[in-house]
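Please walk through the fold of this protein chain from its overall layout down to individual side-chain pairs, keeping the coordinates open alongside the text.

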Amino acid sequence: MFYSYILQSTSDPSQFYRGHTSDLKQRLVDHNAGKRPHTAKYLPWRLKFYAAFETLDLAQAFERYLKSGSGHSFAQRHLGL
């Protein structure tokens, strides 16, 4: 399985990160260990949302959507982000 996800910073709840991975648990550990440059500044992170997909292409496409204006609106409307 492949996952698209949204993380929220617990130190600054206005900060969100959107990504994709094939190992969601390990990716969250990596983000919270400061191993990802884009998220190291706002440690720690918590998983706010994820969606599972059968293919990498689908997970990447949904990540692109989540990063778009429409995806931000979707997250605000349906996930309260």
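A salt bridge is here a side-chain nitrogen of Lys or Arg lying within 4 Å of a carboxyl oxygen of Asp or Glu. With that cut-off in mind, and bearing in mind that this is a predicted model, one can begin with D30, which forms a salt bridge with R36 whose closest N and O atoms are 3.2 Å apart. The side chain of D30 also meets that of K35 in a salt bridge, with an N to O distance of 4.0 Å, and D30, K35 and R36 are thereby linked in a network of salt bridges. The members of this network are covered to various degrees: D30 counts as buried because its relative accessibility is 10%, where buried means under 20%, whereas R36 is partly exposed, with a relative accessible area of 29%, and K35, at 55% relative accessibility, counts as exposed.

The structure holds three salt bridges, and one of them lies in helix 2, where E63 and K67 are joined with their closest N and O atoms 2.7 Å apart. These two residues are four residues apart in helix 2, which is about one turn of the helix. Here, too, the acidic partner is buried, since E63 has a relative accessibility of 11%, while K67 is partly exposed, with a relative accessible area of 46%.

To place these pairs in the fold, it helps to step back to the whole chain. The protein chain contains three helices and three strands, which follow one another along the sequence in the pattern β-β-α-β-α-α. Its radius of gyration is 12 Å, close to the 12 Å that the globule rule gives for 81 residues, so the protein chain is as compact as a globular protein of that length. Taken along the principal axes, the C-alpha atoms fill a box of roughly 30 × 25 × 15 Å. Of the 81 residues, 30% count as buried, and the accessible surface comes to about 5000 Å², of which 52% belongs to carbon and sulfur atoms. As for how the sequence folds back on itself, 55% of the contacts between residues at least 6 apart in sequence join residues that are at least 24 apart.

The strands form an open sheet of three with the order 2-1-3 and antiparallel pairing. Its edge strands are strand 2, residues 16-21, and strand 3, residues 45-53, each of which pairs on one side only, and the twist from one strand to the next averages 20 degrees. Strand 1 and strand 2 run antiparallel and are joined by six bridges, with Q8 having F16 of strand 2 as its bridge partner, and the connection between these two strands is a hairpin of six residues. On the other pairing, strand 1, which spans residues 2-9, meets strand 3 in the antiparallel sense over eight bridges. Within this pairing the bridge partner of S4 is A51 in strand 3, and I6 stands opposite F49 of the same strand.

How enclosed is strand 1 by the rest of the structure? Seven of its eight residues are buried, so strand 1 is largely enclosed. Helix 2, which covers residues 56-67 and carries the E63 and K67 pair described above, lies across strand 1, strand 2 and strand 3, running at about 30 degrees to strand 1.

A further link to strand 1 can be followed from helix 3, residues 69-79, in which A75 has its place. At 1% relative accessibility, A75 counts as buried. Leaving aside neighbours within four places in sequence, A75 is in contact with I6, G80 and L81. The contact with I6 brings together residues that are 69 apart in sequence, their C-alpha atoms being 9.2 Å apart in space. Since I6 also stands opposite F49 in strand 3, the reader can trace a path from A75 in helix 3 through its contact with I6 and on to strand 3.

Key
Residues numbered from 1 in each chain as written. Predicted model: local features only at pLDDT ≥ 70, side-chain atom pairs only at ≥ 80, totals over all residues. Heavy atoms only, no water. Buried < 20%, exposed > 50% of the residue type's maximum accessible area, 1.4 Å probe, protein only. Contact = heavy atoms within 4.5 Å. Pairing = 2+ DSSP bridges. Axes fitted to C-alpha atoms, helices over the stretch in contact; angles between N-to-C directions. Rg over C-alpha atoms; globule rule 2.2 N^0.38 Å. Areas by Shrake-Rupley, 256 points an atom, 1.4 Å probe, with all protein chains shown as cover.
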